[in-house]
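Here are a few worked exercises to try with the model open beside you. Have a go at each task before you read its solution.

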Amino acid sequence: MPELPEVETVIRELRPRLVGRRLRSVEAGAKKLRFAWQPAWGLRLAGRRVEAIRRRGKWIMIDLDDGSLLLSHLGMTGKLRVVRADAPHEPHTHLIFALDDGSELRYRDVRRFGSLRYCSTAAEIESMMGETLGPEPWDLDPENWYERLRRSRRSLKAILLDQTVVAGVGNIYADEALFAARLSPRMVGARITRPHAERLRRAIVVVLDRAIAARGSTIRDYVGGSGRRGRYQHKLLAYGRTGQPCPNCSRLIQCIRLAGRATHYCPRCQPASRSHR
DNA sequence: GGTATTCCCTGCGGGC
DNA sequence: TGCCCGCAGGGAATAC
């Protein structure tokens with residue numbers, strides 16, 4: 001379940017292995033990802049040099065020297081790694097890019113919720129990523145953020161998961177940010193106060209910064225671009241801690257279903273309604 | 001237009 | 001031991 005910190009970790013670890021390398025060829029498996037790999041893309045990629053690798057929300061963008069790019073979303077179980085060409089082939093490896101130094105960029109995805117495709121025009125990129133991908137959490141304007149929350153009748157949890165509101169937050173860090181801000185995931189956006197909105201905005205940034213510093217969370221099988229596991233799963237305060245005592249008040253963490261996702265919170269620290277700040 | 005729900009997909013764990 | 005079922009969840013499609 002790669003969210004922003006995990007994707008950021010992947011690109012940081014891929015960067016020294018990938019930037020400057022030339023792509024020689026592409027080998028695509030038979031099974032389709034979210035989007036099928038087109039053989040023509042492989043022909044256009046051959047000989048291209050990787051100029052940069054960057055992130056936008058949960059998307060990975062690999063810039064090539066002719067202005068085109070490889071665009072990938074890891075979905076739930078996607079993994080991008082650079083390995084030696086003689087490294088054993090793991091099952092569920094769907095795309096293999098041969099590089100000019102004898103290594104390979106491999107895309108593996110058990111559930112195939114992810115995608116990796118080639119884009120040569122701005123229109124293609126926009127159609128893939130969505131024209132309305134929200135700002136990075138660090139770029140949220142406090143006033144716009146408050147107004148966006150206040151206009152919605154959805155729960156805060158549902159709003160945080162909406163990539164058009166803020167890019168990169170997923171289920172784990174939505175729960176952690178709401179816990180850090182001491183706000184109920186069930187609270188309706190329209191009911192939020194300006195101080196609460198600001199507290200939530202700051203909580204999102206703090207939680208994501210800490211998670212990036214810990215190289216993300218390895219809940220099941222996530223690994224970074226070098227194959228190393230994250231460490232932030234040991235620092236989670238709410239997510240996945242159903243039935244365990246809240247670190248603040250010792251009340252048991254509860255799990256409910258919100259916006260179609262398991263949602264973890266402390267009923268005492270994050271009450272459904274509160275009169276104080 | 002805004003919001004809620006369903007579906008895709010596979011591995012894992014619990015229950016029987 | 002082996003089988004069945006539910007769960008995990010990002011984003012697109014569909015329903016309301």
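## Exercise 1: A loop residue with an unusual phi

**Task.** Find where Arg-215 is located, and decide whether Arg-215 is buried or exposed.

**Solution.** Arg-215 sits in the loop between H7 and strand E9 (254–258); helices (H or I, at least four residues) and strands (E, at least two) are DSSP runs, numbered from the N terminus. A word on conventions: this is a predicted model, where local features need pLDDT of at least 70, side-chain atom pairs count only at pLDDT 80 or more, and totals for chains, interfaces and linings use all residues. Residues are numbered from 1 along each chain as its sequence is written, while chains are lettered from A and ligands numbered from 1 in the order in which they are written.

Next, count neighbours. A residue is buried if 20 or more other C-beta atoms lie within 10 Å of its own, exposed if 12 or fewer, and partly exposed in between, with C-beta atoms placed from the backbone. Arg-215 has 23 other C-beta atoms within 10 Å, so it is buried.

Finally, look at the backbone. Most residues other than glycine have a negative phi. Arg-215, although not a glycine, has a positive phi of about 65 degrees.

## Exercise 2: Another positive phi

**Task.** Work out which loop holds Ala-259, and how many C-beta neighbours Ala-259 has inside 10 Å.

**Solution.** Ala-259 belongs to the loop between E9 and strand E10 (261–265). Its phi is positive, about 55 degrees, although Ala-259 is not a glycine. There are 17 C-beta neighbours inside 10 Å, so Ala-259 counts as partly exposed.

## Exercise 3: The two sides of H4

**Task.** Which residues of helix H4 (residues 142–150) are buried, and what do they pack against?

**Solution.** Start with the buried residues: Trp-145, Tyr-146 and Leu-149. Seen down the axis of H4, these fall within an arc of 95 degrees, so they line one face of the helix; the arc is that of the directions from the helix axis to the C-beta atoms. Now turn to the face pointing away from the buried side, where Glu-143, Asn-144 and Glu-147 are exposed. The buried residues of H4 pack against helix H5 (156–161) and helix H7 (194–213).

## Exercise 4: How H1 meets H7

**Task.** Describe how helix H1 (residues 4–18) and H7 cross, then place Val-7.

**Solution.** The axes of H1 and H7 come within 9 Å and cross at roughly 40 degrees. Axes are lines fitted to C-alpha atoms, for helices over the stretch in contact, and angles run from 0 to 180 degrees between N-to-C directions. Leu-4, Pro-5, Glu-8 and Thr-9 in H1 meet Leu-208, Ala-211 and Ile-212 in H7; two residues are in contact if their C-beta atoms, placed from the backbone, lie within 7 Å.

Val-7 is also in H1. It counts as buried because it has 27 C-beta neighbours inside 10 Å. Setting aside neighbours within four places in sequence, Val-7 is in contact with Pro-2, Arg-55, Lys-58, Ile-60 and Leu-74.

## Exercise 5: The whole chain

**Task.** How many helices and strands does chain A have, and what percentage of its residues count as buried?

**Solution.** Chain A has seven helices and ten strands. Of its 277 residues, 40% count as buried.
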